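This short report walks through one protein model. Please look over the sequence and the structure before reading on.

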Amino acid sequence: SASALGTPPYMAPEQETGVVSRESDLYSLGVCAYEMLTGALPFSGEDASARKSEGRFPALPGNAPGLDAFFRRALDPDRKGRFSTATEFLAALRAAA
């Protein structure tokens with residue numbers, strides 16, 4: 001049987017079922033980047049799990065459409081919709097900033 005190891009607020013949704021991939025790591029990196037920019041986790045509170053599974057998080061303060069689009073992809077609940085390499089992740093973050 002699969003077991004989930006990690007810190008729940010930083011874990012990709014699929015990690016709860018024991019599935020881990022490069023996209024899972026990039027998801028966690030996206031959570032860290034979001035937290036560094038906002039001072040808060042993208043998914044927190046009583047409905048954190050539901051919002052994580054739906055990919056719903058608070059928009060960044062100010063008018064940051066490029067960064068919001070970056071985080072929608074970085075924090076996509078479906079790993080197939082996320083960045084697949086760290087190079088791709090970094091290039092998109094640089095372009096959005």
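Proline 13 is buried, because its relative accessible area of 18% is under the 20% cut-off. The model is a predicted one. Proline 13 sits in the segment before helix H1, which covers residues 22-38. Beyond its neighbours within four places in sequence, proline 13 is in contact with Tyr27, Lys52, Pro77 and Arg82. Proline 58 lies 45 residues from proline 13 in sequence. In space the two are 18 Å apart, C-alpha to C-alpha.

One contact of proline 13 leads on to arginine 82. Arginine 82 belongs to the loop between H3 and H4. Is arginine 82 buried or exposed? Arginine 82 is buried, with a relative accessible area of 3%. Its side chain reaches two backbone oxygens. That of glutamate 23 is at 3.3 Å, and that of proline 77 is at 3.2 Å. Outside its neighbours within four places in sequence, arginine 82 is in contact with ten residues named here: Ala12, Pro13, Glu14, Glu23, Ser24, Tyr27, Arg73, Ala74, Asp76 and Pro77. Tyr27 is in contact with proline 13 and with arginine 82.

Tyr27 also takes part in a helix pairing, that of H1 with H3. On the H1 side, Tyr27, Gly30, Ala33, Tyr34 and Leu37 meet Leu67, Phe71 and Ala74 of H3. By type, these residues divide into 7 nonpolar, 1 polar and no charged.

H3, residues 65-74, also pairs with H4, residues 86-96. The table sets out the two crossings.

| Helices | Axes come within | Crossing angle | Handedness |
|---|---|---|---|
| H1 and H3 | 9 Å | roughly 150° | left-handed |
| H3 and H4 | 8 Å | roughly 160° | left-handed |

How do H3 and H4 run? Their axes cross at roughly 160°. An angle over 145 degrees counts as roughly antiparallel, and H3 and H4 are therefore roughly antiparallel to each other. H3 brings Gly66, Leu67, Phe70, Arg73 and Ala74 to this contact. H4 brings Glu88, Phe89, Ala92, Leu93 and Ala96. The residues of the H3 and H4 contact divide into 7 nonpolar, 1 polar and 2 charged.

Some H3 residues recur. Leu67 and Ala74 meet H1, and both are also in the contact with H4. Ala74 is in contact with arginine 82 as well. Arg73, part of the H3 contact with H4, is another contact of arginine 82.

Note on methods
Residues are numbered from 1 along each chain as its sequence is written. This is a predicted model: local features need pLDDT of at least 70, side-chain atom pairs count only at pLDDT 80 or more; totals for chains, interfaces and linings use all residues. Side-chain values use heavy atoms; hydrogens and water are left out. Axes are lines fitted to C-alpha atoms, for helices over the stretch in contact, and angles run from 0 to 180 degrees between N-to-C directions. Helices (H or I, at least four residues) and strands (E, at least two) are DSSP runs, numbered from the N terminus. Angles under 35 degrees count as roughly parallel, over 145 as roughly antiparallel, 65 to 115 as roughly perpendicular and the rest as oblique. A crossing is left-handed if the near helix is turned anticlockwise from the far one by less than a right angle, and right-handed if clockwise. Contact means heavy atoms within 4.5 Å. Ala, Val, Leu, Ile, Met, Phe, Trp, Tyr, Cys and Pro count as nonpolar, Asp, Glu, Lys and Arg as charged, and the others, Gly among them, as polar. Buried means under 20% relative accessible area, exposed over 50%, partly exposed in between (1.4 Å probe, protein chains only). A polar contact is a pair of N or O atoms within 3.5 Å; within protein, one must be able to donate a hydrogen and the other to accept it, and residues adjacent in sequence count only if both atoms are side-chain atoms.
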